[in-house]
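Could you walk me through this structure? I am new to it and would like a friendly tour of its spaces and contacts.

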Amino acid sequence: MSDIITETKPKFTVKQLALIGLMTAVICVLGPLALNIPVSPVPISLGTLAIYFVVSVLGMKLGTISVLIYILLGLVGVPVFAGFTSGPGKLFGPTGGYIIGYIFMALICGFFVDKFGRKLPIYFLGMLLGTAVCYLLGTLWLGFQMDMSFPKALMAGVIPYIPGDLVKLIIAMIIGFQVRKRLLKAGLV
């Protein structure tokens, strides 16, 4: 009988786990910062800025894991959602579709960061596509929860936010691109 010892490579390095934790913390700090506006049940939040930044730095796989951890923290009661809220009621309430949309936004935006990170116009279009998917999921859920037509939910949950989200996207891309470049050079991502 032979003693075969197989060595398996860990799924994530300690450095990757530390980056995931750090970027999850960034989302948890920025995500709750929000401003309620009287024309919509959807607050202006820095959550999208955080997601854009995290995936710009970490890419698809690690960025999406950070977003999933953030959502799970909010689901179990840590007040990390907009307005320092949390719990299943928030996640499955009128704005929960946008929170779930963060997962798809991270996957799509992160894919474009990984594949086209040096081609900024394509990278930008990928970020817009990820945002559009998040908007779609959030709008559909908002309409369902608030008994609104799709156009009415779009006016309440998307249209007022487009200019601000464009600014957040550009800021996160510029800063995130620089941070990612340095992390890649250091061999950390």
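**A tour of spaces and contacts**

Let's begin with the largest pocket, which is lined by S56, V113, D114, F116, G117, R118, Y123, F177, R180, K181 and L184. Keep in mind as you look around that this is a predicted model. The volume of the largest pocket is about 190 Å³. Two helices, α4 and α7, each supply at least two residues of its lining. Of the elements, α7 gives the most to this lining, with four residues. As for chemical character, the lining of the largest pocket is made up of five nonpolar, two polar and four charged residues.

Next, let's go to the enclosed space. How many cavities of 30 Å³ or more does a search of the whole structure find? The search finds one, and the volume of this largest cavity is about 290 Å³. Its lining has 22 residues, and those closest to the centre of the cavity are V42, P43, S45, Y98 and Y102. Several elements give two or more residues to the lining: the strand β2 (44-45) and the helices α2 (47-75), α4 (96-116), α5 (120-146) and α7 (162-185). The largest share comes from α4, with four residues. Sorted by character, the lining of the largest cavity holds 13 nonpolar, six polar and three charged residues.

You have now met α4 at the pocket and at the cavity, and α5 at the cavity too, so a look at how this pair of helices is arranged comes next. The axes of α4 and α5 come within 8 Å and cross at roughly 165 degrees. Angles over 145 degrees count as roughly antiparallel, and α4 and α5 are therefore roughly antiparallel to each other. The crossing in which α4 passes α5 is right-handed. Where α4 and α5 are in contact, the residues divide into 20 nonpolar and eight polar, with no charged ones.

A last stop takes in the aromatic rings. The whole structure contains five aromatic pairs. One of them is formed by Y70 and F81, whose ring centres are 5.6 Å apart. With 80 degrees between the planes, this pair is edge-to-face. Where do the two partners sit? Y70 belongs to helix α2, while F81 is in the loop between α2 and α3 (88-91), so the pair ties together parts that are eleven residues apart in sequence.

Terms used
Residues numbered from 1 in each chain as written. Predicted model: local features only at pLDDT ≥ 70, side-chain atom pairs only at ≥ 80, totals over all residues. Heavy atoms only, no water. 1 Å grid on protein atoms, 1.4 Å probe; cavity = no way out; pocket = protein on both sides within 12 Å on 5 of 7 lines; lining within 4 Å. Points joined across faces, edges and corners; volume = space filled by probe spheres on them. Nonpolar A, V, L, I, M, F, W, Y, C, P; charged D, E, K, R; others polar. Axes fitted to C-alpha atoms, helices over the stretch in contact; angles between N-to-C directions. Parallel < 35°, antiparallel > 145°, perpendicular 65-115°, else oblique. Left-handed = near helix turned anticlockwise from the far one by under 90°. Phe/Tyr/Trp six-rings, centres within 6.5 Å; stacked < 30°, edge-to-face > 60°.
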